[in-house]
Amino acid sequence: MTGDIRIRADKLTKRFGDFVAVNAVSFEAGRGEIMGFLGPNGAGKSTTIRILCGLLRPSSGRAEVAGLDVAREPEKVRANIGYMSQKFSLYDDLSVMENLSFFGGVYGVKGARLKRRIAFAVEMAGLAGREDAVVSDLSGGWKQRLALGCAVLHEPKILFLDEPTSGVDPASRRRFWDLIYALAGDGVTVVITTHYMDEAEYCNRIALINGGRLVALGSPSELKRSAIRGEILLVEGDDPGAMLEALEGAPGVRDVAPFGSSLHIVVDDAARDRAAIEARLAERSLSWSRIEPIKATLEDVFVQLVGEGGKAAP
Amino acid sequence: MWGRILNLVVKELQQLRRDRAAKFRLLIPTLVQLFIFGYAATFEVYNVATIVLDQDHSQESRELVARFAGSGRFQIVETANSAADVRRAIDHADAVVAIVIQAGFADDVRKGVSAPAQVIVDGTNSNTALIALSYVSRIVADYAQEMEQDLSRRTRAGARPPPTVTLESRPWYNVDFNSRWFFVPGVIATLTLIMIVNLTSFAVVREREVGTLEQIMVTPIRPLEFILGKTIPYFLVGLALVVVIAGVGTLWFQIPFRGNPLVLLLGTALYLLCVLGIGLLISTVCKTQQQAFATNFFVINPAFILSGFSFPIASMPDFMQWISTINPMTYYLVVIRGTFLKGVGLEVLWPQMLALAGLGIVLLASSVLRFRKSLD
Ligand SMILES: Nc1ncnc2c1ncn2[C@@H]1O[C@H](COP(=O)(O)OP(=O)(O)O)[C@@H](O)[C@H]1O
Ligand SMILES: [Mg+2]
């Protein structure tokens, strides 16, 4: 297994002045693994990725990518990685083909291999026949797949994707994830940040980051098991605000959190505690339309570990 | 390394080709400046509105007025009857110059004593006034000299005429003080400065703003390669710009080119190094194109004013004079005017070439150093 470790972060720390953006983050990621960074805005996800790409020097701690120290040999690391930055990362005023030739060229992909790789990227992005289109004329989904194509022209072993799917429609997001699975299937290690909870479920492992700290690390099901000790009841009614107030601290209720117009209530035993909750609501003469046990989502985990303020935008 | 740089250069030129706004910024101001300086900006004065008050009504006074009218410099717009007329005309800006010839003028001229003629100029446009005054004094001096010779011939007062000393100004290289010859070569230096500083700083700042710079920095491209990839295209654009302006200047405006084109080329190449360095330096301190625009303005304007293009350096305060010695445009103007109008070569221009080379190296080196830091 150790031979397959592609990324190794050891107590990575980054300070900007007095502010600690990344605080002693340690993790490993293996070959073909999809690792998700999940956390609210400003948690330190992008900063961690920038350190791993050699764009920023860590203040302390160390990181190895493809077996190379990122602070000491950033140039060698770069030949092994692909990166899609959080901002749009193609040349908007160049054509599809011009972008591909440019990025292929700067990565030193030449001749027949360049042709083959460009054909692969065009195929992957679904842009066959539109090679001469200027990128600014493409819609979000195409741009994003083309950016991914440009990032993998040189067949990197490790791929860093910083919020690649933000602002893209759901169908394009699904298609993008198909591509990520295909790449991981070929052995590429993918590190991806997202604030879409449903996307986080697609990852093999999730690193939950908050305030620069790694709060939890594990597969989605592991996280749900360890973070939510108990079961979850969904409650819907006319006045969720009053229900929240009524149920907070009520007997049997471990935690209440609003989810849209409904409430998620963490209890020890759904069957047993349901009656107590109904009684409590009746006592306050609050009416409910639905109470039923549901499976915990990553969002529940998130709320448990990070708290209400950290809940990411939908 | 060269492969990656070539890649960057090609990409930059492709972007420039697509960028209609940049092409517009490049072409239109060039033509406008060239034609404004070629046609409108002139130090010469023609057809100055002039009012005449002749209180002598003599042959001699009419002769003097006729000389003014005949010079082409002055246009007699009104013949006044009183001093009040003169005052009103000047106050209302109906006339810029007034010629007042008092009664007794002819008598005095015939007697050979100093004859009273008064010239009043509207000093509110001091430039025009000064130039007009110099024409006035020339016309009057000519007139006076002829009268004197005439007088001595007629009176035969002595066998030898009284010795007269006349001061004659003879401008070299630009015998007619043709201001177009003076301006158009200077436009090369100004436009190159404006265009190349703008293009270079915007090219880098735009990538920083859009986010592609970060994308570039995770590729194996090194900072030095990136800088070369950014400067080489604009070096070529700068050279093309100089060739176009010099071409229009010599072919359309008939500015003479008396020197060696290779000397101008060398000077231009060195000047471009400085200008590219300034553009890159600005790009390292600016995060947005907005900031770059403002900074460019604050750098380009003083560079223009403190270059000796239109204001003489020798009459500036010491501090300003010092700045003009680290202003690449100061030296490039000498090179341009030297090659165009004087036809001198390296034997004369080597100090300017050395200064440009030195400034270019310092500017480019510091921009490379600053650029590395600005990435972190
Ligand atoms: N270059 C920088 N200088 C100062 N502070 C920074 C810099 N980059 C990021 N930060 C701060 O570090 C924190 C983490 O930022 P970031 O890693 O971008 O968060 P995320 O990607 O999780 O939204 C934020 O509070 C941000 O303001
Ligand atoms: Mg981020």
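This section describes the chain architecture, the magnesium site, the internal cavities and selected local features of a predicted model.

Chain A contains eleven helices and 14 strands. The C-alpha trace of chain A extends over about 75 × 45 × 40 Å along its principal axes, and of the 314 residues in this chain, 53% are buried. An unreviewed UniProt entry assigns residues 7-236 of chain A to "domain: ABC transporter". In the model, this span is 35% helix and 30% strand, and the C-alpha atoms at its two ends are 44 Å apart. Chain B is divided into two domains, of which domain 1 is made up of residues 10-41 + 179-375 and domain 2 of residues 48-154. The centres of domain 1 and domain 2 of chain B, taken over C-alpha atoms, are separated by 48 Å.

The magnesium ion (ligand 2) has two protein donors, the OG atom of A:Ser46 and the OE1 atom of A:Gln86, at 2.0 to 2.3 Å from the ion. A:Ser46 belongs to helix H1 (residues 45-52) of chain A, whereas A:Gln86 is placed in the loop between strand S6 (81-84) and helix H3 (96-106) of that chain; the pair therefore ties together parts that are 40 residues apart in sequence. With a relative accessible area of 15%, A:Ser46 falls under the 20% limit and so is classed as buried. A:Gln86 is partly exposed, because its relative accessibility of 40% lies between the 20% and 50% limits.

The loop between S6 and H3 of chain A also holds A:Ser95. A:Ser95 is buried, at 3% relative accessibility. The C-alpha atom of A:Ser95 lies 9.9 Å from that of A:Leu138, although the two residues are 43 residues apart in sequence.

Three cavities of 30 Å³ or more were counted in the model. The largest has a volume of about 80 Å³. Its lining includes A:Asp93 from chain A together with residues of chain B, among them B:Glu12, B:Gln15, B:Leu16, B:Asp19, B:Ala22 and B:Arg25. Further along chain B, B:Leu199, B:Phe202, B:Ala203, B:Arg206 and B:Tyr234 also line the largest cavity. Helix H1 (2-18), helix H2 (20-40) and helix H7 (179-210) of chain B each contribute at least two residues to this lining. The largest share comes from H7(B), which supplies four residues. In terms of residue class, the lining of the largest cavity comprises six nonpolar, one polar and five charged residues.

The second largest cavity has a volume of about 70 Å³. Chain A contributes A:Tyr83, A:Ser89, A:Leu90, A:Phe103, A:Tyr107, A:Ala147, A:Cys150 and A:Ala151 to the lining of this cavity, and chain B contributes B:Gln215 and B:Thr219. Helix H5 (residues 140-151) of chain A gives the most to this lining, with three residues. Seven of the lining residues of the second largest cavity are nonpolar and three are polar, while none is charged. By contrast, five charged residues occur in the lining of the largest cavity.

Two residues other than glycine were examined for their backbone conformation. A:Glu163 is not a glycine, yet its phi is positive, at about 45°. A:Glu163 is located in the loop between strand S7 (158-162) and helix H6 (170-185) of chain A, and with a relative accessible area of 13% it is buried. In chain B, B:Gln254 likewise has a positive phi, of about 60°, without being a glycine. The position of B:Gln254 is in the loop between helix H9 (223-251) and helix H10 (261-285) of chain B. B:Gln254 is exposed, with a relative accessible area of 55%. The two positions thus differ in burial, because A:Glu163 is buried and B:Gln254 is exposed.

A further local feature of chain B concerns strand S4 (residues 117-121), in which B:Val119 lies. B:Val119 is partly exposed, at 30% relative accessibility. The C-alpha atoms of B:Val119 and B:Ser137 are 9.4 Å apart, and the two residues are 18 residues apart along the chain.

Conventions: Residues are numbered from 1 along each chain as its sequence is written. Chains are lettered from A and ligands numbered from 1 in the order in which they are written. This is a predicted model: local features need pLDDT of at least 70, side-chain atom pairs count only at pLDDT 80 or more; totals for chains, interfaces and linings use all residues. Side-chain values use heavy atoms; hydrogens and water are left out. On a 1 Å grid over the protein atoms alone, a cavity is a set of points where a 1.4 Å probe fits but cannot get out, and a pocket is an open set with protein on both sides within 12 Å along at least five of seven lines; lining residues have an atom within 4 Å of a point. Grid points are joined across faces, edges and corners, and a volume is the space filled by probe spheres set on the points. Ala, Val, Leu, Ile, Met, Phe, Trp, Tyr, Cys and Pro count as nonpolar, Asp, Glu, Lys and Arg as charged, and the others, Gly among them, as polar. Domain bounds come from an automatic or database domain assignment. Donors are N, O and S atoms within 2.8 Å of the metal (3.2 Å for Na, K and Ca); water is not among the atoms, so sites may look incomplete. Buried means under 20% relative accessible area, exposed over 50%, partly exposed in between (1.4 Å probe, protein chains only). UniProt positions are given in the numbering used here, feature names are shortened, and annotations may be inferred rather than shown by experiment.
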